[in-house]
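Reader: I have a protein with a ligand to look at. Please take me through the terms and the reasons behind them.

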Amino acid sequence: MSGLLAGKRLLVTGVITDASIAFSVAKLAQENGAQVVLTGYGRLSLVERIAKRLPEPAPVIEVDVTNTEHLAGLADRVREHVDGLDGIVHSIGFAPQSCLGGGFLDAPWEDVATALHVSTFSYKSLAMAALPLMSPGGAVVGLTFDATKAWPVYDWMGVAKAGLESASRYLALHLGKQGIRSNLVAAGPLRTIAAKSIPGFDEFEGAWTERAPLGWSLTDQEPAARACLALLSDWFPATTGEIVHVDGGYHAIGS
Ligand SMILES: NC(=O)c1ccc[n+]([C@@H]2O[C@H](COP(=O)([O-])OP(=O)(O)OC[C@H]3O[C@@H](n4cnc5c(N)ncnc54)[C@H](O)[C@@H]3O)[C@@H](O)[C@H]2O)c1
């Protein structure tokens, strides 16, 4: 077997369409020698149909990251397909509509709590659920949207992402002794289901395509996926708690 991830066994969450960032990660990972197990949420038959579009068929395990039974059973379910894991990809985000699109001042706590549970806390709970399968050299990789700034329309999802960025650093701190890394990819805007659910998302689109120094494609998930693969690989052995921007350079420029 050859490729950047030759022989690696990965758990990839977050596939819902073939535009999902996770779909590109799974596809590229297989093309680069990895064995992939997917998790799906909600519409399992849809995820299974999308999984058939991968170069190799990939098993799909049902995981709602807010469901403690799903998390408790995850390691055993994964073991039915692979004997261990070298990497976990967290590509999950959700916030109720009240939390997005300018609703920051009015969103109720129950909705904010849902956003934080699914988008922030789940990074830790997913990693812990799969930890029994991990060994030194393993990696956890998640997806963020640069949370160092307050963006128009992103609202509580921005707060959730700031928490995710912090959670990744704490995971790096707590799992470092076991030789396990935790890193995030900060992607620019991409047209996925999650993005389309944000009212006013087109404001990001215009800004990025006009101003990113390298230019930016809203429909090309591969650059973000490539960065995920790099962080899952053995080529970042001493990097943890890091955030790699894959945004055409947008974060580096003034407006
Ligand atoms: N699309 C963008 O512009 C962009 C930019 C930066 C970061 N991100 C992040 O990338 C990640 C993937 O999103 P995407 O853009 O590929 O969109 P997507 O809609 O394709 O993926 C989001 C996934 O989250 C899953 N999910 C939602 N609630 C869940 C739950 N309770 N349990 C388990 N899974 C659940 C959905 O099933 C879906 O597969 C998210 O963390 C998102 O915030 C997206």
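**Contacts, pocket and confidence**

Author: Start with Gly14 in this predicted model: a polar backbone atom of Gly14 lies 2.8 Å from an oxygen atom of the ligand.

Reader: Why is the pair at Gly14 called a polar contact?

Author: A polar contact is a pair of N or O atoms within 3.5 Å. The distance at Gly14 is 2.8 Å, so the pair counts. For Ile92, a polar backbone atom is 3.0 Å from a ligand oxygen, so this pair counts too. At Lys161, an N or O atom of the side chain lies 2.8 Å from an oxygen of the ligand, and therefore also qualifies.

Reader: How much of the ligand does the protein bury?

Author: Taken alone, the ligand exposes 830 Å², and the protein buries 93% of that.

Reader: What makes you say where the ligand sits?

Author: A molecule sits in a pocket if more than half of its atoms lie within 2 Å of the pocket's grid points. The ligand sits in the largest pocket, so it meets that condition.

Reader: Which classes of residue form the shell around the ligand?

Author: The shell has 18 nonpolar, 7 polar and 2 charged residues. Helix H6 gives the most to this shell, with 3 residues.

Reader: How do you know what confidence the predictor has in the model?

Author: pLDDT gives that confidence on a scale from 0 to 100. The protein's mean is 97, and 99% of its residues reach 70 or more. Among its elements, helix H7 (residues 202-211) has the lowest mean, 91.

How values were computed
Residues numbered from 1 in each chain as written. Predicted model: local features only at pLDDT ≥ 70, side-chain atom pairs only at ≥ 80, totals over all residues. Heavy atoms only, no water. Polar contact = N/O pair within 3.5 Å; in protein donor to acceptor, adjacent residues only side chain to side chain. Areas by Shrake-Rupley, 256 points an atom, 1.4 Å probe, with all protein chains shown as cover. 1 Å grid on protein atoms, 1.4 Å probe; cavity = no way out; pocket = protein on both sides within 12 Å on 5 of 7 lines; lining within 4 Å. Helix = DSSP H or I, 4+ residues; strand = E, 2+ residues; numbered from the N terminus. Nonpolar A, V, L, I, M, F, W, Y, C, P; charged D, E, K, R; others polar.
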